[in-house]
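Subject: Structure handover

Hello,

The structure is placed just below, and notes on its cavities and helix packing follow. Please read them with the coordinates open.

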Amino acid sequence: MNAMQPNSRPEAPMSAIRRAGIVVIWLFPYLLATGTYFAGAVYEPALALRTPVLQWPVPQPVYGGLLVLLLIAITWLIGEFFSVTSRETVVTALQFDAVFSTTAAILFTGAAGWLIGTGRLEWWFVVPWIATIIDALTAGWLSVNNAAQKPFMSQKGTV
């Protein structure tokens with residue numbers, strides 16, 4: 001008979017595609033910030049996002065870039081949400097996701113503080129910064145929720 005022992009855990013490794021997707025999700029805020037910063041060199045309307053945040057009134061071309069950035073960040077947060085709440089995501093990946101999300105939020109907040117202190121905070125940085133904070137606040141909560149429910153659900157994908 002193939003019964004599980006009381007303290008044993010089933011081994012069901014994640015697929016390589018799922019692991020690669022999780023790594024991309026972890027790197028995404030850094031890629032978004034650097035991509036937006038350097039997009040001004042290639043695409044002239046993106047150059048408006050290099051306008052200082054403290055400049056008032058906000059120049060009209062900034063709004064379009066902010067909308068695009070906001071939509072990209074929301075898409076990333078939804079992907080992060082689905083990744084963390086998936087029953088196939090192993091507990092170790094949930095723990096790493098919470099740590100990486102918190103670390104990204106701390107790094108982005110530290111950089112934002114430095115940029116504000118030097119008067120160089122620009123719009124290209126604001127949306128990725130706020131998105132990392134939202135991600136850090138939700139990732140830990142969703143990870144704990146998902147990991148806590150695993151024993152009551154199907155054992156597929158848990159470690």
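The largest cavity holds about 50 Å³ of space; the model is a predicted one. Lining this cavity are I25, W26, P29, W76, E80, D97, F100, S101, A104 and D135. By class, six of the lining residues are nonpolar, one is polar and three are charged. Three helices, α1, α2 and α3 (91-117), each supply at least two residues of that lining. The biggest contribution to the largest cavity is from α3, with four residues.

In total, the structure holds two cavities of 30 Å³ or more. The second largest has a volume of about 40 Å³, and its lining consists of I22, W26, S83, V84, T89, A93, L94 and D97. Here too, the elements that give two or more residues are α1, α2 and α3. The largest share again falls to α3, at three residues. The lining of the second largest cavity divides into five nonpolar residues, two polar and one charged. W26 and D97 appear in the lining of the largest cavity and also in the lining of the second largest cavity.

Next, the helix packing.

How are α1 and α2 arranged, by angle and distance between axes? Helix α1 covers residues 16-42 and helix α2 covers residues 61-85; they pack at an angle of about 160 degrees, with axes 11 Å apart. That angle makes α1 roughly antiparallel to α2, since angles over 145 degrees count as roughly antiparallel. The crossing of these two helices is left-handed. On the α1 side the contact is made by R18, I22, I25, F28, P29, L32 and T36, which meet L69, I72, A73, W76, G79, E80 and S83 of α2. The residues of this contact divide into nine nonpolar, three polar and two charged.

Several of these residues also line a cavity. I25 and P29 of α1 and W76 and E80 of α2 are among the contact residues, and I25, P29, W76 and E80 are also part of the lining of the largest cavity. I22 and S83 belong to the contact of α1 with α2 and to the lining of the second largest cavity.

For α1 and α3, the axes come within 10 Å and cross at roughly 10 degrees. This makes α1 roughly parallel to α3, the limit for that label being under 35 degrees. From α1, the contact involves I22, W26, P29, Y30 and A33; from α3, it involves A93, F96, D97, F100, A104, L107 and F108. By class, the contact of α1 with α3 has eleven nonpolar residues, no polar ones and one charged. I22 and P29 take part in the contact with α3 and in the contact of α1 with α2.

One backbone detail is left to report. The peptide bond from W56 to P57 is cis, with omega near 0 degrees. P57 lies in the loop between α1 and α2.

Regards

How values were computed:
Residues are numbered from 1 along each chain as its sequence is written. This is a predicted model: local features need pLDDT of at least 70, side-chain atom pairs count only at pLDDT 80 or more; totals for chains, interfaces and linings use all residues. Side-chain values use heavy atoms; hydrogens and water are left out. Axes are lines fitted to C-alpha atoms, for helices over the stretch in contact, and angles run from 0 to 180 degrees between N-to-C directions. Angles under 35 degrees count as roughly parallel, over 145 as roughly antiparallel, 65 to 115 as roughly perpendicular and the rest as oblique. A crossing is left-handed if the near helix is turned anticlockwise from the far one by less than a right angle, and right-handed if clockwise. Contact means heavy atoms within 4.5 Å. Ala, Val, Leu, Ile, Met, Phe, Trp, Tyr, Cys and Pro count as nonpolar, Asp, Glu, Lys and Arg as charged, and the others, Gly among them, as polar. On a 1 Å grid over the protein atoms alone, a cavity is a set of points where a 1.4 Å probe fits but cannot get out, and a pocket is an open set with protein on both sides within 12 Å along at least five of seven lines; lining residues have an atom within 4 Å of a point. Grid points are joined across faces, edges and corners, and a volume is the space filled by probe spheres set on the points.
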